[in-house]
Structure formats: C-alpha cells, structure tokens
Amino acid sequence: MKLTLKALSLAVLGAASTFTFAEEAPASEHTITGNIGVFSSYNLRGITNAPEDKNLALQGGLDYSHASGLYAGYWGSTLGYGDPTELNPDNAFESDFYAGYKGAITEDLGYTLGFTYYYYYDLGTSDANGFETMLGLNYKGLGITAQTLLEDTTWGNTGDTYFLGSYSYGLPRDFTLNTKLGLYYYNDSAGDFIPEEGTTETFGFRHFTVGLSHPLADSGATMSLDYILGGYDRLDTKQKNKVVLGLSYSF
C-alpha cells in the first residue's frame, strides 16, 4: 500500500509539473499564415471594364508577422486581359511584395505603416512595376487605408492615392458582411506613361463593394460573393457593376 501511495504521489507531482511547464511555455513571437483562392475575375480597385483577369483568377499569399509589430508578405495573382498581344499576354503574373509595421494606439485603435512593390512577370514591359506606400488606421471591424504611388507607371502617376474604407460585421449562422468603399486621388500632371490629357479627374468615387462570406464547415475554406458597384476612372469613365464569386482556403 505504501508503495502504491508513493507511486500515485509521484505521478500526481509529475502531472502537475507538466501542466506548470506547459502554462509557462512562452508563445512564439513569429506567426506565418497563408491563403490561396480562385475567383471568377480579378478587378483591381473596382476597375470592371478592363479586369486584370477576366477569366478565373488564381490568387494566393504568404504572411509573416512578429510580436513586435513588424510584418512582411507576398501576394500573387494570375492575369488574363483577353485578346493577348506582346504587351498584354494572357500568361502574365502579378507579384506584390510588402512589409511594414503595425502598432496599437489603444486597445481597439491601431495603425499600419508600410510599402508595397508591384512586379509584373512576363508582361512584356517593366514600366508597370513600382513602389507604393501604405498608411492605415483600424478600429475594431473598421479599417481606413491610403496607398500612394511613388513613381510613374503604366497604370498611374507619382502621387496617385487610393483611399479604401472597409468594414466587416458578423451575421447569424457564421455569415460575414463585408463592405468596401474606394476613392481615388489622381495626379493630373503629365507622367512618364500617362499624358496630361490622359487624366480629366483629380478626385472621385472608384467603387463600392458589398459581399457575404461563409466558412465551409471546419475545412478552413471560405466561399464569398461580392457585388461591385462601379465608379469612375481617371478619365471619368463609368465602370460596370459586377458580381464576383470566390472560394479561398487559409492555413
């Protein structure tokens, strides 16, 4: 009996010691996440008249974050403009490399400082590549960002700034309501690739997007449906309204 009690005591102490060590184990300072998805089209910043990919777009990314607030990541998408030409191929690919810092002002209010480099593979020209800064504020489910182009490219002039407000709200049965409002400031002076007459507007409504998303059980996959209410581009051309379907997986 004494031997039995002693063995039980040692087992209890061992288990308690194990639980103590488990509780005291520090959380990792490094976090890596990823995502991959397929979407019915890729409409960059509400441009629906000439989508970046008018066919099924395969997209994915990888993100790293540190407990200090530093982050870095990569995001890529297939491109398919239709009617391929030497400067408009259907086998091109967009790669976005980004990094920055995320900090907290209060428990609910945070900010982001970062930059992005856009690189287009097999587009037939390097003039579309360029750097962009990103400034952001977030409060609970609300986010506001401003992304400013730092150099002239085929798709924008230095100083062009895209303002985006986004809000997500949880609905019953695990649905999520997602909304985005995009506005644009256009530098109307002549750029290296966009002449002065290529810009008639300096500020305008770009798009409003509203959609629903829902997880597929516990698979890690999410289905989404977005409706894009098209705004106007730098030439004041009205963009079409459009529905975009998506299926994505996060890991």
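In this predicted model, the side chains of Ser95 and Tyr74 are joined by a polar contact of 2.9 Å. Ser95 belongs to strand β4, which covers residues 93-104. With a relative accessible area of 9%, Ser95 is buried, because the limit for that class is under 20%. Beyond its neighbours within four places in sequence, Ser95 is in contact with Tyr74, Trp75 and Gly76, and also with Tyr117, Tyr118 and Tyr119. Tyr74 therefore appears twice in this account of Ser95, as the partner in the polar contact and as a member of the contact list.

One of the residues in contact with Ser95, Tyr117, leads on to the aromatic rings. The structure holds eleven aromatic pairs. In one of them, the ring centres of Phe115 and Phe131 are 6.4 Å apart, and the planes meet at 50 degrees, so the pair is classed as tilted. Phe115 sits in strand β5 (residues 109-121), whereas Phe131 sits in strand β6 (residues 130-139); the pair therefore ties together parts that are 16 residues apart in sequence. Both residues fall into the partly exposed class, Phe115 at 40% relative accessibility and Phe131 at 36%.

Phe131 also takes part in an aromatic pair with Tyr117, again tilted, with 4.6 Å from centre to centre and 45 degrees between the planes. This pair, too, links distant parts of the chain: Tyr117 is in strand β5 and Phe131 in strand β6, 14 residues apart. Tyr117 has a relative accessible area of 24% and is partly exposed, while its contact partner Ser95 is buried. Taken together, ring pairs link Phe115, Tyr117 and Phe131 into a cluster. For readers who like to compare such geometries, a pair of aromatic rings is described by the distance of the centres and the angle of the planes.

Attention now turns to the pockets. The second largest pocket holds about 810 Å³ of space. Its lining consists of 27 residues, and those closest to the pocket centre are Ile47, Ala50, Glu52, Thr154 and Trp155. By class, the lining of this pocket comprises 14 nonpolar, six polar and seven charged residues.

How values were computed:
Residues are numbered from 1 along each chain as its sequence is written. This is a predicted model: local features need pLDDT of at least 70, side-chain atom pairs count only at pLDDT 80 or more; totals for chains, interfaces and linings use all residues. Side-chain values use heavy atoms; hydrogens and water are left out. Helices (H or I, at least four residues) and strands (E, at least two) are DSSP runs, numbered from the N terminus. Buried means under 20% relative accessible area, exposed over 50%, partly exposed in between (1.4 Å probe, protein chains only). A polar contact is a pair of N or O atoms within 3.5 Å; within protein, one must be able to donate a hydrogen and the other to accept it, and residues adjacent in sequence count only if both atoms are side-chain atoms. Contact means heavy atoms within 4.5 Å. On a 1 Å grid over the protein atoms alone, a cavity is a set of points where a 1.4 Å probe fits but cannot get out, and a pocket is an open set with protein on both sides within 12 Å along at least five of seven lines; lining residues have an atom within 4 Å of a point. Grid points are joined across faces, edges and corners, and a volume is the space filled by probe spheres set on the points. Ala, Val, Leu, Ile, Met, Phe, Trp, Tyr, Cys and Pro count as nonpolar, Asp, Glu, Lys and Arg as charged, and the others, Gly among them, as polar. Rings of Phe, Tyr and Trp (its six-membered ring) pair if their centres lie within 6.5 Å; planes under 30 degrees apart count as stacked, over 60 as edge-to-face and the rest as tilted.
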